[in-house]
Amino acid sequence: MKVHYTGGLVNPGIVGDHNGCVSLVQSIQRGHQDGNGWLDIGYSFVACPHQKVFEGRGLHHLPAANGPGLNSGHYAVLGLVGNAGLVEPPDGVLHAILDAVEYVRERGDAGREIKGHRDGYATDCPGEPLYAWVRRGAPRPGGDGGGDPGDGEGGGEPEAPPFPGRLLRYPPVTRGDDVRTWQRQMKARGWELDVDGAYGAQSRDICLRFQRQQGVEADGVVGPVTWRLTWEAPLT
């Protein structure tokens, strides 16, 4: 399976309104048919924040989304997140992607490989948050569902606490218990830094090195992706 994102703005309101998901999928389908001249939407399946899976081209049909010469090797699943608006995939999107993966393995002769669209094709897709999850082995959120359906078994990975809702950044110095929580976990991972609740130059530099290690955007800011990776990324 190749994992994709929309590459555009996704209205965060779809998280609370499934009708918005339906409309978005229909809009993508029209764009592919009318704009690209394709027979149907380019994806095999589409995963939405409500853990619903839309059938696109479905089983035993070539997708059109993976790139020239790459469609025969993988099915294609689109997670309804973009590069603006709804960027961080809700757990429902991740569960739905994995539901689609299990379905194509059971009924569509798919193997175990889960890759990002950018693997083997020059694109930013599926975006940093989804790609970081793919690189971790595509684990089920919370470790439920019988373990990791990806290449590795991820059921035993620790689950990150909820993101505190603000970015930890410097300058200026960000202070608080959320900073201390992040510093404590980074220290537990083996990084040498002070657990003082003050996100300053030292914390930023550690964050940059960690982000480069994980292959995500290195901006020195602890946002939702870096926060999650702090707990869930495999130790190296």
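**Strand 5 and the contact of helices 5 and 6**

In this predicted model, strand 3 (residues 45-47) pairs with strand 5 in the parallel sense, the two being joined over three bridges. Within this pairing, Phe45 has Val77 of strand 5 as its bridge partner. Strand 5 is also joined to strand 1 (residues 2-4), again by three bridges, and these two strands run parallel; here the bridge partner of Val3 in strand 5 is Val77.

Both faces of strand 5 are covered, since Ala76 and Leu78 on one side, and Val77 and Gly79 on the other, are all buried. Ala76 belongs to strand 5, which spans residues 76-79, and its relative accessible area is 0%, so that Ala76 counts as buried. When neighbours within four places in sequence are left aside, the residues in contact with Ala76 are Met1, Lys2, His4, Tyr43, Ser44, Phe45, Pro63, Ala65 and Asn66. Between the C-alpha atoms of Ala76 and Arg57, which lie 19 residues apart along the chain, the separation is 9.3 Å.

Elsewhere in the chain, helix 5 (residues 201-214) and helix 6 (residues 224-232) have axes that come within 11 Å and cross at roughly 80°, and the two helices are therefore roughly perpendicular to each other. The contact is formed by Cys207, Phe210, Gln211 and Gln214 in helix 5, which meet Thr226, Leu229 and Thr230 in helix 6. By character, the residues of this contact of helix 5 with helix 6 divide into three nonpolar and four polar, with no charged residue.

Conventions. Residues are numbered from 1 along each chain as its sequence is written. This is a predicted model: local features need pLDDT of at least 70, side-chain atom pairs count only at pLDDT 80 or more; totals for chains, interfaces and linings use all residues. Side-chain values use heavy atoms; hydrogens and water are left out. Helices (H or I, at least four residues) and strands (E, at least two) are DSSP runs, numbered from the N terminus. Buried means under 20% relative accessible area, exposed over 50%, partly exposed in between (1.4 Å probe, protein chains only). Contact means heavy atoms within 4.5 Å. Two strands pair if DSSP finds at least two bridges between them. Axes are lines fitted to C-alpha atoms, for helices over the stretch in contact, and angles run from 0 to 180 degrees between N-to-C directions. Angles under 35 degrees count as roughly parallel, over 145 as roughly antiparallel, 65 to 115 as roughly perpendicular and the rest as oblique. Ala, Val, Leu, Ile, Met, Phe, Trp, Tyr, Cys and Pro count as nonpolar, Asp, Glu, Lys and Arg as charged, and the others, Gly among them, as polar.
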